[in-house]
Amino acid sequence: MSCLILIGMMGAGKTTVGKELARRRGVRFADVDQEIIARTGVSIPTIFEIEGEAGFRKRESQALNDLTRESGIVIATGGGAVLDPGNRELMAGRGVVVYLNVPPQILWERTRTDRNRPLLQVENPRARIEELYRARDPLYREVADIVIDGGRGNPGTMVRQIEKVVQNLDKKFPCEP
Ligand SMILES: Nc1ncnc2c1ncn2[C@@H]1O[C@H](COP(=O)(O)OP(=O)(O)OP(=O)(O)O)[C@@H](O)[C@H]1O
Ligand SMILES: O=C(O)C1=C[C@@H](O)[C@@H](O)[C@H](O)C1
Ligand SMILES: [Mg+2]
């Protein structure tokens, strides 16, 4: 069974949709951000504070590399996982990659009260989201097998949509190195 990898911006719904998708498929769900928190014992803002973004990205690549070895698993990645070309190659080679595409306005509404995303702790987080979206949307598309409109409909609708497309996909990678 191939592994399913969800990608997209902060607030796109990767964790929410991923959990439900795994539950329905009867497989394990893993969240790369949570895996990093479990491994380090500290929060993501704390990792950014101590090791900077570069330190966080190294941990992210390591966790992604480990988790994508597990067959069948559903993985929610962090919003910036696609920035590293090595991560992109790894994801495309090991799983079916689903991009939850959500417009910046909706991302802003979903994330505005959450202080747990260090990259948005700036004077104008809304403009920052626009900027990140513009830079990352092409990278998400480059690596995705499926693009889902994650801005309209509830998570359940998205899960059903993803399941349908995945079933019809010819491309089924074994989730192995
Ligand atoms: N389809 C949806 N419709 C409405 N709200 C949603 C939907 N999907 C997720 N949300 C809400 O948006 C917020 C962000 O969702 P979630 O944490 O799943 O995003 P994420 O992609 O995992 O973000 P991050 O990259 O920061 O971990 C949550 O409050 C969640 O309840
Ligand atoms: O979009 C990003 O670069 C990030 C998203 C979050 O999931 C975390 O991985 C972290 O806050 C960085
Ligand atoms: Mg998440």
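Me: Let's settle terms before we start: helices (H or I, at least four residues) and strands (E, at least two) are DSSP runs, numbered from the N terminus. With that in hand, where in this predicted model does Gly 79 sit?

Reply: Gly 79 falls in the loop between strand E3 (74–76) and H4.

Me: And why does Gly 79 count as buried?

Reply: Gly 79 has 24 C-beta neighbours inside 10 Å. The cut-off for buried is 20 or more, so with 24 Gly 79 earns the label. Setting aside residues up to four places away in sequence, Gly 79 touches Gly 8, Met 9 and Met 10.

Me: Which residues share a "binding site" annotation with Gly 79?

Reply: The UniProt record (an unreviewed entry) puts Asp 33, Arg 57 and Arg 136 under that annotation along with Gly 79.

Me: Take Asp 33, then. What makes Asp 33 buried?

Reply: There are 22 other C-beta atoms within 10 Å of Asp 33. Buried takes 20 or more, so Asp 33 makes it with 22. Asp 33 is part of helix H2 (residues 32–40), and beyond its neighbours within four places in sequence it contacts Ile 44 and Gly 78.

Me: Which residues surround ligand 2?

Reply: Asp 33 and Gly 79 again, together with Met 10, Ile 44, Gly 78, Gly 80, Arg 117, Pro 118 and Leu 119. By class, that shell comes to four nonpolar, three polar and two charged residues.

Me: What puts the glycines there on the polar side of the count?

Reply: That's the convention in use: Gly is put among the polar residues. Gly 78, Gly 79 and Gly 80 are in the shell around ligand 2, so they go into its polar class.

Me: Now ligand 1. Which residues come nearest to it?

Reply: Of the 17 residues around ligand 1, the nearest are Met 10, Gly 13, Lys 14, Thr 15 and Thr 16. The shell has five nonpolar, eight polar and four charged residues. Helix H1 (14–25) and helix H7 (155–168) each give at least two residues to it, and H1 has the largest share, with three.

Me: What does UniProt list as "binding site" besides the Asp 33 group?

Reply: The unreviewed entry also lists Gly 11, Ala 12, Gly 13, Lys 14, Thr 15, Thr 16 and Arg 117.

Me: How do you know that Lys 14 is buried?

Reply: Count the C-beta neighbours inside 10 Å: Lys 14 has 28. With the bar at 20 or more, Lys 14 is therefore buried. Lys 14 belongs to helix H1, and, leaving out neighbours within four places in sequence, contacts Leu 6, Gly 8, Ala 76, Thr 77 and Leu 100.

Me: And what makes Gly 11 buried?

Reply: Gly 11 has 24 other C-beta atoms within 10 Å, and 20 or more is what the label asks for, so buried it is. Gly 11 sits in the loop between strand E1 (3–7) and H1. Its contacts, apart from neighbours within four places in sequence, are Val 102, Leu 107, Arg 110 and Thr 111.

Me: For contrast, why is Asn 124 called exposed?

Reply: Asn 124 has 10 other C-beta atoms within 10 Å. Exposed means 12 or fewer, so Asn 124 fits with 10. Asn 124 lies in the loop between helix H5 (104–111) and H6.

Me: On to the sheet. Why are E2 and E5 called edge strands?

Reply: The sheet is open, with five strands in the order E2-E3-E1-E4-E5 and parallel pairing. Strand E2 (29–31) and strand E5 (146–149) each pair on one side only. From one strand to the next the twist averages 25°.

Me: How do you know that E4 and E5 pair?

Reply: Pairing needs at least two DSSP bridges; strand E4 (residues 95–101) and E5 have four, in the parallel sense, so they pair. Tyr 99 stands opposite Val 147 in E5.

Me: Which helices lie across the strands?

Reply: H2 lies across E2 and E3, at about 70° to E2. H6 lies across E1, E4 and E5, at about 150° to E4.

Me: What describes the packing of H4 and H6?

Reply: The axes of helix H4 (residues 85–94) and helix H6 (residues 125–143) come within 9 Å and cross at roughly 35°. H4 brings Arg 88, Met 91 and Ala 92 to the contact, and H6 brings Leu 139, Glu 142 and Val 143. By class that's four nonpolar, no polar and two charged residues.

Methods: Residues numbered from 1 in each chain as written. Chains lettered and ligands numbered in written order. Predicted model: local features only at pLDDT ≥ 70, side-chain atom pairs only at ≥ 80, totals over all residues. Near = placed C-beta within 6 Å. Axes fitted to C-alpha atoms, helices over the stretch in contact; angles between N-to-C directions. Contact = placed C-beta atoms within 7 Å. UniProt positions renumbered as here; feature names shortened; annotations may be inferred.
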